[in-house]
Amino acid sequence: MSNVSLEPFDALILVSFGGPEKPEDVLPFLQNVTRGRGIPDERLVEVGEHYYNFGGRSPINEQNRNLLDALNQELQRRDVRIPLLWGNRNWDPYLTDEVRKHAEQTGATRFLAITTSAYSSYSSCRQYREDFGGTVRALADDGIEVSFDKVRQYYNHPGFADAELQCVRRALSEFQQNVGELDPGTHRVLYVTHSIPTTMQDASQRYTAGYQAEHEQLIQWIEGQLPEEQRLPSELVYCSRSGSPHTPWLEPDVNDRMRELAAEGIDGVVVVPLGFVSDHMEVKYDLDTEAAATAEELQLRFVRADTVGTSASFVSGLVDLALERAAQVRGESPELPAVTSGGPLAAGSGACSLNCCLGATLKPTAPQWPAEASATV
């Protein structure tokens, strides 16, 4: 069997959150995102202002199109011949619609998913598996049988880790050009990720290292790869919390932390969107708009690092992950690549635990996971 084979899978599918493409899409999109939570449309209209500030269009779909093109090119470069699809959770093109269309046209039954979330939590991992389960059941009602598998969460995969390292290096170089010299006494690096409820964080720790700890592991590795002259004190902070103010979420918020640092005499920050693979709305609004405005108010020098986007090492790493998972499903031991810029991170098993990242209520996922694939991430 060739080591570039994705057998036994019939198709590879990029699965993402989705986003509105025009102003009239915004409210229906937000209704999709919050369905079942009892959030009134009046509140959604307020949230929608984030999108209207950008013409009612989220950048995420265009970024996914670019990632799809890059993945296709990488598959072709390696002579991996498999259809590559794209389906979203909350907006066109919808996951179920795309799988149905491909299954009807080609007879495909086994799909391997790459998701655009690197870390372990309910919303970034298990909820996608629930989406796969929903698609399986919906198509079964139409007499179409399909199954899903997915690549593992890849926060510690060499391709993603190295891409993040390069983003940090570029941002530090840009910041250094602005300030003249990096000063550990007055400069900080703030690694930013999406906040989640503390109950979700607790659930993520049952079968994985945990959402917060996974970020911290990657930060520690990145810091270890930087030359001494580029090392600044750093910490993990959060953005994009939502929901009831009475529900505890992971803290501190990036804006709150910048205010505290300014009060302590810090005069410059490098902000690294470590929790996001592309410049979608949480990056463009929460960081480029809101956090940048906070920095200006506080007279903090501010540089925001790139996201990994379609960088070569990230895209190559995603294909590595697909090949790794396919080999494991075939019962083979895949060749795991080495980190290109230093020592390896802890290796993942290549499979999600059947019980990892549980939500508030137990919901069915796609039923095809074999028992031997139920190791922890």
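Here are three short exercises, with worked solutions, on the salt bridges and a sheet of this predicted model.

**Exercise 1. A network of charges**

Task: Find which residues are linked with Arg-65 in a network of salt bridges, and say where Arg-65 and Glu-21 lie in the chain.

Solution:
- Step 1. Begin with the whole structure, where a search finds 28 salt bridges.
- Step 2. Pick out Arg-65, which forms one of these with Glu-21; their closest N and O atoms are 2.6 Å apart.
- Step 3. Place the two partners: Arg-65 sits in helix α3 (residues 60-77), while Glu-21 belongs to the loop between β1 (11-16) and α1 (26-34). With their positions 44 residues apart, this pair links distant parts of the chain.
- Step 4. Look next at Arg-57 and Glu-62, which form a salt bridge with closest N and O atoms 3.6 Å apart. That pair qualifies because the cut-off is 4 Å.
- Step 5. Put the residues together: Glu-21, Arg-57, Glu-62 and Arg-65 are linked in a network of salt bridges.

**Exercise 2. Buried or partly exposed?**

Task: Decide how Asp-288 and Arg-304 should be classed by accessibility, then do the same for Arg-65, Arg-57 and Glu-62.

Solution:
- Step 1. Locate the first pair: Asp-288 and Arg-304 form a salt bridge, with the closest N and O atoms 2.8 Å apart. Asp-288 is in helix α10 (residues 281-298) and Arg-304 in strand β8 (residues 301-304), 16 residues apart.
- Step 2. Recall the limits: under 20% relative accessible area is buried, over 50% is exposed, and partly exposed lies in between.
- Step 3. Apply them to the pair. Asp-288 has 27%, so this residue is partly exposed, whereas Arg-304 has 17% and is therefore buried.
- Step 4. Turn to the network residues. Arg-65, at 29%, is partly exposed; Arg-57 is partly exposed at 34%, and Glu-62 is partly exposed at 34%.

**Exercise 3. Reading a sheet**

Task: Work out the strand order of the open sheet of four strands and name its edge strands.

Solution:
- Step 1. Remember that strands of a sheet pair through backbone hydrogen bonds, in either a parallel or an antiparallel way.
- Step 2. Follow the strands across: the order is β6-β5-β7-β8, and the pairing is parallel.
- Step 3. Look for strands that pair on one side only; these are the edge strands, β6 (234-239) and β8.
- Step 4. Add the twist, which averages 30° from one strand to the next.
- Step 5. Zoom in on one pairing: β5 (residues 187-194) runs parallel to β6 over six bridges. Here Thr-193 stands opposite Tyr-238 in β6.

Note on methods:
Residues numbered from 1 in each chain as written. Predicted model: local features only at pLDDT ≥ 70, side-chain atom pairs only at ≥ 80, totals over all residues. Heavy atoms only, no water. Salt bridge = Lys/Arg side-chain N within 4 Å of Asp/Glu carboxyl O. Helix = DSSP H or I, 4+ residues; strand = E, 2+ residues; numbered from the N terminus. Buried < 20%, exposed > 50% of the residue type's maximum accessible area, 1.4 Å probe, protein only. Pairing = 2+ DSSP bridges. Axes fitted to C-alpha atoms, helices over the stretch in contact; angles between N-to-C directions.
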